[in-house]
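Work through the exercises below with the sequence and the model at hand. Each task is followed by a solution in steps.

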Amino acid sequence: MEKVGLVPWRKCEKGFQKRCKAANNAEALYRKGMINCFSRRKSESGLRYLKKATEKGHVEAVYTYGIILICLGGELSKQGLRVLSSLHLPKPNEGSSRMIASCSSKTEKFLRCMWVHVALTGPKGICCNCDCDIEEKPNHSTSTECQTWDASNDVGHCCDYCFWDREANLFCSLLRKYLVN
């Protein structure tokens, strides 16, 4: 799958990706989920594909699916946190930044290759009554200007709720950056 473009444009790539998806290849399911969620405006279908890829252990799918669920709010936020906990990362301030940076980098690379027609509203902020010391930095405002996506590198002591809430807000900012008007 690495040799096939993230978004299949040629007929032979589309056919190959379709066969991989039919064989339940995790990468093909992830790609179909991303395209359906953010480019084709088929959110329910996209979430089903991302969930299937997540169940197969696809790391980027776990990351993306969990973040999307957090953004959808309510009970889905809790489900999103459970999904993200399946990554078995060390605490955010104990060295998980490399894996998260890899997931976010691949997600951004994917979004750059497609027409993004759907953006998500960031999470409402789960009030967990903790004593986290995440500080908003000027370049991490809600601006859609060229934001760096490095929540995992800018946190001090924080709980999972606050860490993933911030990561989800950065994910939403990135979607808005690539949003086609």
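The exercises that follow concern a predicted model.

**Exercise 1. Classify the aromatic pair formed by Y63 and W164, and state which helices it ties together.**

Step 1. A pair of aromatic rings is described by the distance of the centres and the angle of the planes.
Step 2. A search of the whole structure finds four aromatic pairs. In the pair of Y63 and W164, the centres are 6.2 Å apart and the planes make an angle of 65°.
Step 3. The centres must lie within 6.5 Å, and planes over 60 degrees apart count as edge-to-face, so the pair of Y63 and W164 is edge-to-face.
Step 4. Y63 belongs to helix α4 (residues 59–72) and W164 to helix α7 (residues 160–178), so the pair ties together parts that are 101 residues apart in sequence.
Step 5. Y63 and W164 are both buried. Together with F163 they form one aromatic cluster.

**Exercise 2. Check the length of helix α2 (residues 26–38) against the expected span.**

Step 1. The expected span is 1.5 Å times one less than the number of residues.
Step 2. Helix α2 has 13 residues, so it should span 18 Å.
Step 3. The end C-alpha atoms of α2 are 18 Å apart, which agrees with that value.
Step 4. At the start of α2, the backbone nitrogen of E27 has a side-chain oxygen of N25 within 2.9 Å.

**Exercise 3. Is helix α2 mostly covered or mostly uncovered, and what does N36 contact?**

Step 1. Of the 13 residues of α2, 12 are buried, and the helix is mostly covered. Among the buried residues are A26, L29, Y30, R31 and F38.
Step 2. N36 lies in helix α2. Its relative accessibility is 2%; buried means under 20%, so N36 counts as buried.
Step 3. With neighbours within four places in sequence left aside, N36 is in contact with R41, K42, S43, S45, G46 and Y49.

**Exercise 4. How many disulfides does the structure hold, and why does C71 count as buried?**

Step 1. The structure holds zero disulfides.
Step 2. For C71, the nearest cysteine sulfur is that of C172, 3.3 Å away. A disulfide needs sulfur atoms within 2.5 Å, so C71 is in no disulfide.
Step 3. C71 has 10% relative accessibility and therefore counts as buried, the cut-off being under 20%.
Step 4. C103, with a relative accessible area of 2%, is buried as well.

How values were computed
Residues are numbered from 1 along each chain as its sequence is written. This is a predicted model: local features need pLDDT of at least 70, side-chain atom pairs count only at pLDDT 80 or more; totals for chains, interfaces and linings use all residues. Side-chain values use heavy atoms; hydrogens and water are left out. Rings of Phe, Tyr and Trp (its six-membered ring) pair if their centres lie within 6.5 Å; planes under 30 degrees apart count as stacked, over 60 as edge-to-face and the rest as tilted. Helices (H or I, at least four residues) and strands (E, at least two) are DSSP runs, numbered from the N terminus. Buried means under 20% relative accessible area, exposed over 50%, partly exposed in between (1.4 Å probe, protein chains only). A polar contact is a pair of N or O atoms within 3.5 Å; within protein, one must be able to donate a hydrogen and the other to accept it, and residues adjacent in sequence count only if both atoms are side-chain atoms. Contact means heavy atoms within 4.5 Å.
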